[in-house]
Amino acid sequence: MSSGPGRPGGGVFDALGVPPGALEHGGVEVLRGVIVNGALHVSLRRAFDDPEAWGMLIADVARHAARIYATEDNIREEQTLERIRAIFNAEMDAPTDPGTTRALS
């Protein structure tokens, strides 16, 4: 296996850029997901008084992902959303890796 971002010995973190709206108006980062050696690592801030807001956030992220696939891979946005929803529901019912969570300040 070659080294590179997310691979052993790579030593490089390939971070995304800050969204243009946040650069212009400011904001608060609430979620960061990183793949390290094939596993998801997450940093998040509670951010909302009502946990239902997380459902809206997750739905918005799914729509953005579907648009990326539609643009880059020519897969219909609706088809991608159906696939995301199917695996989301399956993972909520029976997680393949429930992971661990701990508070860091």
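**Figure 1. Arginine 76 and its partner glutamate 78 in the predicted model.** At 52% relative accessibility, arginine 76 counts as exposed, because the cut-off for that class is over 50%. Its partner, glutamate 78, has a relative accessible area of 47% and is partly exposed. Follow the two side chains and you will find them meeting in a salt bridge, with an N to O distance of 3.8 Å. That pair qualifies because a salt bridge calls for a side-chain nitrogen of Lys or Arg within 4 Å of a carboxyl oxygen of Asp or Glu.

**Figure 2. A salt bridge between aspartate 60 and arginine 63 in helix H2.** Here the closest N and O atoms of aspartate 60 and arginine 63 are 3.1 Å apart. Helix H2 covers residues 52-72, and the two partners sit three residues apart in it, so about one helical turn separates them. Both ends of this bridge are partly exposed: aspartate 60 has a relative accessible area of 40%, and arginine 63 comes in at 36% relative accessibility.

**Figure 3. Glutamate 29 paired with arginine 32.** In this view, a salt bridge joins the two side chains, and their closest N and O atoms lie 3.2 Å from each other. Glutamate 29 is partly exposed at 46% relative accessibility. Arginine 32 is also partly exposed, with a value of 37%.

**Figure 4. Stepping back to the whole predicted structure.** How many salt bridges does a search of the whole structure find? The search returns four, among them the pairs arginine 32 with glutamate 29, aspartate 60 with arginine 63, and glutamate 78 with arginine 76.

Conventions
Residues are numbered from 1 along each chain as its sequence is written. This is a predicted model: local features need pLDDT of at least 70, side-chain atom pairs count only at pLDDT 80 or more; totals for chains, interfaces and linings use all residues. Side-chain values use heavy atoms; hydrogens and water are left out. Buried means under 20% relative accessible area, exposed over 50%, partly exposed in between (1.4 Å probe, protein chains only). Helices (H or I, at least four residues) and strands (E, at least two) are DSSP runs, numbered from the N terminus.
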